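Hi,

Here is the structure I promised to pass on. Have a look at it first, and then read on for what turned up in it.

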Amino acid sequence: MAEETSASNFIRDLVAADRAAGKHGGRVVTRFPPEPNGYLHIGHAKSICLNFGLAQDTPGGICHLRFDDTNPTTEDPEYVQAIQDDVRWLGFDWQDRLFFASDYFERLYEFAETLIRKGAAYVDSLTAEEMRLYRGTLTEPGKNSPHRDRSVEENLDLFRRMRAGEFPDGTHVLRAKIDMASPNINLRDPVLYRIRHAAHYRTGTAWCIYPAYDFAHPLSDAIEGITHSICTLEFEDHRPLYDWVVAQAGTAHRPQQIEFARLNISYAVMSKRKLLELVEKKLVAGWDDPRLPTIKGLRRRGYTPEAIRAFCEHIGVAKRDAVVEMQLLEHFIREDLNKRSLRVMAVLKPLKIVIDNYPEGTVEELDAVNNPEDASAGMRKVPFARTLYIEQDDFLEDPPKQFFRLAPGREVRLRYAYIIKCVGVTKDPRTGHVTELHCTYDPATKSGAPEAQRKVKATIHWVSTAHAAEAEVRLYNPLLKADLSKVPADHDWTTYLNPQSLERVTGCRVEPSLKNAVPGTRFQFERLGYFCTDPDSGTDALVFNRTVSLKDAWARIDKGRSAR
RNA sequence: UGGGGGAUCGUCUAGCGGUAGGACGCCGGCCUUUGGAGCCGGCUACCUAGGUUCGAUUCCUAGUCCCCCAGCCA
């Protein structure tokens, strides 16, 4: 019963119903329409999964990738490239259906003349400020521009001269002639074209007038034969305008706009504007900073496309505003990585131990399991010797009752090795800090040996001091100290950045098998979490990012204790 | 105070007049050479008030609360 099937949602249901009713000739054509003015983030992933997923799930369904590049001042080919990379990395394929709204500029222009000819659009010459005043308010109707009744001939002439570059920016716009008293402000003669003497990254200086979203988007959809144009909730009251534009242009095809609630994630920066601000002000390392919910950031952090897709599938699609907890995203990456990542041992904060009764100069190559969840992952050898590093957190001089790890006189098992007992503690006489532990081992308890069955309360990880490689490990915490939705608008939101969002731990020691780890490789550091080799990593300086920690029962207990 | 939307466990989400389900989370327990994973059990919800009905989360009415809209951004 509980098979892993794709959950339905109101959009899937609607599309299925349209197909069943033979609407659009039974075809399903969706599109993902990013503007190339920033990098994609997990919110876009939701839309990508929805649009491409709808196409995939429908026999004959297709999904276009269309760049909505109608604003030359903010767009850049760097973003076009990055967006394509990200969509592909997420696992979706637009095949030969890569489109650009800018490729439609000539046709859109013709549609604009069509509207002018039928008296549905006019050239206005009010300043932006005047236009704002004429627009009215939420509760008061607007009033007609003095230019609203220009003749078709005059409008055509003016519009052509706008195109020809005769006027400076801001002097004229093309407006839809709808209703300045409409209770829906979007219908109060919205701007269709504006003058922008700016080079476009694709069309260069061929144009100095550019279509507005409300004009370009519905018509691009119509041109491409999009059946279901899925967008976010804030466009809901643009839908009458969307339909108006398509009807006035008289296109053969009439696409249907459907809106859903955008994704929000707790303690994550999800607005394009804010992400750009973080990057530009160098508050983060770049668009791929692992603290960012950008696709590039998640990727560098160690997230897999599979986990992101599973997350997007499970959060569902609805119309109510929602804030998904970060823990849910973390759940899906843990679930994925648990099944596939190779286990290795790494010590983040080393504490040296000497096994007093272990022969000096001896090195044993012990057998270690690569992935207990996957027998085909095989085994590897890990060198064991007299002096080792263990995790500082795995020793407590005066442990509470629930602490099962090492303490004076206590025993633990060293993973894949022996049971050891702590017999001595060396401290720095000045600071009182523990600098070294002396232990003894029980040779009969070697992992795999018949007499090794003796139970101890805990197993801890370790590395051999002589064989381990040094590494830097970057730990990440939420970028924000509070949810931005609760931050007053007049506050500088960057003051809510978490100063502890990045914790660089240097002097870590990792087992020798990691010496040649290639950037982008994911591991489980046993008992610690999932880690991914960073692009900054090289053979001389290993760098790992913590993708997500393992669930930590002791941390919870410890937290509960200190809270009391 | 105009218009457009939305309200179901702490968080997401299902339900389409007939016992309110799932996931995350949280709390127990089992198991464990990762305090991981796995397994078992538990926790908590229909915005309010009326009405229709044998029966309402679902339909109706009236409220309440939340989100979006006054860019020549998308």
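Let's start with a quick one to find on screen: which residue in β22 does Ala346 stand opposite? It's Val510. Before you go further, keep in mind that this is a predicted model.

**Around β22**

That pair belongs to a short match between strand β11 (residues 346–347) and strand β22 (residues 502–510), which run antiparallel and are joined by 2 bridges. β22 also pairs with strand β21 (residues 469–476), again in the antiparallel sense, over 7 bridges. If you want a spot to zoom in on there, try Val473, whose bridge partner in β22 is Val505.

**A sheet with helices on it**

Now go back towards the start of the chain. You'll find an open sheet of 3 strands, in the order β1-β2-β3, with parallel pairing. Its edge strands are β1 (29–32) and β3 (98–100), and each of these pairs on one side only. From one strand to the next, the twist averages 35°.

β1 is joined to strand β2 (residues 62–67) by 4 bridges in the parallel sense. Arg31, for example, has His64 in β2 as its bridge partner.

Two helices to look for here are α3 and α7. Helix α3 (residues 77–89) lies across β1, β2 and β3 and runs at about 155° to β2. Helix α7 (residues 213–224) packs on the sheet too, touching β1, β2 and β3, and its direction makes about 140° with that of β2.

**Where α2 meets α11**

Next, turn to α2 (42–57). Its axis and that of helix α11 (residues 305–315) come within 9 Å and cross at roughly 75°. An angle from 65 to 115 degrees counts as roughly perpendicular, so α2 is roughly perpendicular to α11.

On the α2 side, the residues that meet α11 are Ile42, Ala45, Lys46 and Cys49. Across from them, α11 brings Ile308, Arg309, Phe311, Cys312 and Ile315. Sorted by class, the residues of this contact come out as 7 nonpolar, no polar and 2 charged.

**The empty spaces**

Rolling a probe the size of a water molecule over the atoms shows where empty space is left. Two of these spaces are worth a look.

One is the second largest pocket, with a volume of about 1200 Å³. It is lined by 45 residues, and the closest to its centre are His41, His44, Thr232, Glu234 and Arg262. Some elements you've already met turn up again: β1, α2 and α7 each supply at least two residues of this lining, as do β8 (228–232) and α9 (272–280). The lining divides into 21 nonpolar, 15 polar and 9 charged residues.

The other is a cavity. How many cavities of 30 Å³ or more does the structure hold? The answer is 1, and the largest cavity has a volume of about 40 Å³. Its lining is made up of Tyr213, Asp214, His217, Pro218, His238, Leu241, Tyr242 and Gln257. Which helix gives the most to that lining? That would be α7, with 4 residues, while α8 (239–249) is another that supplies at least two. By class, the cavity lining has 4 nonpolar, 3 polar and 1 charged residues.

So α7 is a good helix to colour when you open the file: it touches the sheet, helps line the second largest pocket and helps line the largest cavity.

Cheers

Key: Residues are numbered from 1 along each chain as its sequence is written. Chains are lettered from A and ligands numbered from 1 in the order in which they are written. This is a predicted model: local features need pLDDT of at least 70, side-chain atom pairs count only at pLDDT 80 or more; totals for chains, interfaces and linings use all residues. Side-chain values use heavy atoms; hydrogens and water are left out. Two strands pair if DSSP finds at least two bridges between them. Axes are lines fitted to C-alpha atoms, for helices over the stretch in contact, and angles run from 0 to 180 degrees between N-to-C directions. Contact means heavy atoms within 4.5 Å. On a 1 Å grid over the protein atoms alone, a cavity is a set of points where a 1.4 Å probe fits but cannot get out, and a pocket is an open set with protein on both sides within 12 Å along at least five of seven lines; lining residues have an atom within 4 Å of a point. Grid points are joined across faces, edges and corners, and a volume is the space filled by probe spheres set on the points. Ala, Val, Leu, Ile, Met, Phe, Trp, Tyr, Cys and Pro count as nonpolar, Asp, Glu, Lys and Arg as charged, and the others, Gly among them, as polar. Angles under 35 degrees count as roughly parallel, over 145 as roughly antiparallel, 65 to 115 as roughly perpendicular and the rest as oblique.
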